[in-house]
Amino acid sequence: MKSDNCSNNISISTELFNGAEFTDLSKDSAPLPNGPVHPPVDRPPTKAVGWKKKCASYVLALRPWSFSASLTPVALGSALAYRAEGRLDFIVLLACAVAVLAVHGAGNLVNTYYDFTKGIDHKKSDDRTLVDQILEPQDVVRFGMVLYTLGCVCAACLYFLSKLKLEQMALIYFGGLSGSFLYTGGIGFKYVALGDLVILITFGPLAVMFAHAVQVGSLSVTPLLYAVPLALNTEAILHSNNTRDMESDRQAGIVTLAILIGPTLSYVLYNLLVFFPYVIFCILATRYTISMALPLLTIPLAFSLERQFRSQNFTGIPQKTAKLNLFVGLFYLFGILLAPPGSLPKL
């Protein structure tokens with residue numbers, strides 16, 4: 001690993017207990033006799049990381065701002081199951097949410113690890129967990145394994161709690177787990193312009209169908225249809241991130257959809273991903289029930305993001321798009337729950 005190579009280049013490490021600091025010297029920089037120790041010119045002294053800061057770093061490495069992309073599909077699938085069955089098992093809902101969230105968090109850690117080892121992350125990146133040496137690569141690997149294990153344990157619990165057949169549950173769950181890992185690990189779909197497709201499927205139809213299926217005990221096409229507006233909105237998070245990182249990704253030798261279509265079409269695609277769900281909500285509100293107009297309350301935030309994207313000011317835009325995704329998902333959820341019985345198609 002890269003961290004091992006860094007440690008091999010360090011020959012002397014002096015700990016200053018009073019200042020709780022560690023000063024590393026390269027082998028080309030030796031201390032003067034009876035004189036102070038001088039840090040190397042190209043590497044500033046690093047401070048000891050306390051356990052509180054390290055725990056906070058573990059949380060930040062998970063990128064919790066992106067969790068709306070996994071929690072809102074689970075909530076949507078559960079709401080659809082409630083409208084179809086008239087009941088909801090909250091224990092199943094909790095186990096499903098933890099399973100999906102664990103897989104999502106582990107996928108983020110896999111992304112952190114591989115982006116670092118491939119030299120994609122740098123000092124100006126949003127995710128500097130490994131770049132700033134707050135955590136070591138092996139720490140991220142272990143944490144990812146713990147989360148994948150937690151997800152599998154929750155999936156095993158769902159097998160006993162739900163009436164869904166084992167082969168159907170395994171197909172959906174491990175399909176999502178594979179997608180979260182292969183996004184940057186293994187094949188690395190992100191690096192060959194297929195990452196958008198993986199995210200669109202995994203954190204859209206697949207997550208909604210999983211949450212719905214474990215509640216009702218069978219597979220259905222209905223969740224796939226209702227997942228479309230939320231899936232498009234979720235994909236906007238990734239696309240805004242890839243558009244922002246277009247130049248650094250190109251320099252690192254990887255290919256994303258944003259790089260292939262260029263800045264102008266990336267702007268057009270972002271608008272389609274953000275605003276087309278509102279077209280769907282308008283159709284549902286006018287043809288079926290007015291409660292489906294609730295997500296339209298988030299349009300001002302969507303226009304604010306459009307203006308920021310158009311001005312090519314990408315500071316914090318993935319996080320702001322995730323915030324939009326959360327609000328759209330919540331209002332969409334309320335719209336379904338508040339709809340009169342029998343007013344929504346196939347429910």
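The residues that line the largest cavity of this predicted model divide into nine nonpolar and two polar, with no charged residue in the lining. The lining is made up of V100, V103, I172, Y173, G176, L177, T202, F203, L206, A207 and F210, and the elements that contribute two or more residues to it are helix 4 (90-117), helix 6 (166-182) and helix 7 (195-216). Of these elements, helix 7 provides the largest share of the lining, namely five residues. The volume enclosed is about 140 Å³, and the count of cavities of 30 Å³ or more comes to one.

According to the unreviewed UniProt entry, the feature "transmembrane region" is placed at residues 88-107, 140-161, 170-193, 199-232, 252-270, 276-303 and 324-344. Two of these annotated spans were examined for their secondary structure and end-to-end distance. Residues 199-232 are 85% helix and 0% strand, yet the C-alpha atoms at the ends of this span are 10 Å apart. Residues 324-344, by contrast, are 71% helix and 0% strand, and here the end C-alpha atoms lie 24 Å apart.

Helix 5, which comprises the 25 residues 137-161, reaches 36 Å from its first C-alpha to its last, and this is close to the 36 Å expected at 1.5 Å a residue. Within helix 5, the buried residues are P137, D139, V140, F143, G144, L147, Y148, G151, C154, A155 and L158.

Note on methods. Residues are numbered from 1 along each chain as its sequence is written. This is a predicted model: local features need pLDDT of at least 70, side-chain atom pairs count only at pLDDT 80 or more; totals for chains, interfaces and linings use all residues. Side-chain values use heavy atoms; hydrogens and water are left out. UniProt positions are given in the numbering used here, feature names are shortened, and annotations may be inferred rather than shown by experiment. Helices (H or I, at least four residues) and strands (E, at least two) are DSSP runs, numbered from the N terminus. On a 1 Å grid over the protein atoms alone, a cavity is a set of points where a 1.4 Å probe fits but cannot get out, and a pocket is an open set with protein on both sides within 12 Å along at least five of seven lines; lining residues have an atom within 4 Å of a point. Grid points are joined across faces, edges and corners, and a volume is the space filled by probe spheres set on the points. Ala, Val, Leu, Ile, Met, Phe, Trp, Tyr, Cys and Pro count as nonpolar, Asp, Glu, Lys and Arg as charged, and the others, Gly among them, as polar. The expected span of a helix is 1.5 Å times one less than its number of residues. Buried means under 20% relative accessible area, exposed over 50%, partly exposed in between (1.4 Å probe, protein chains only).
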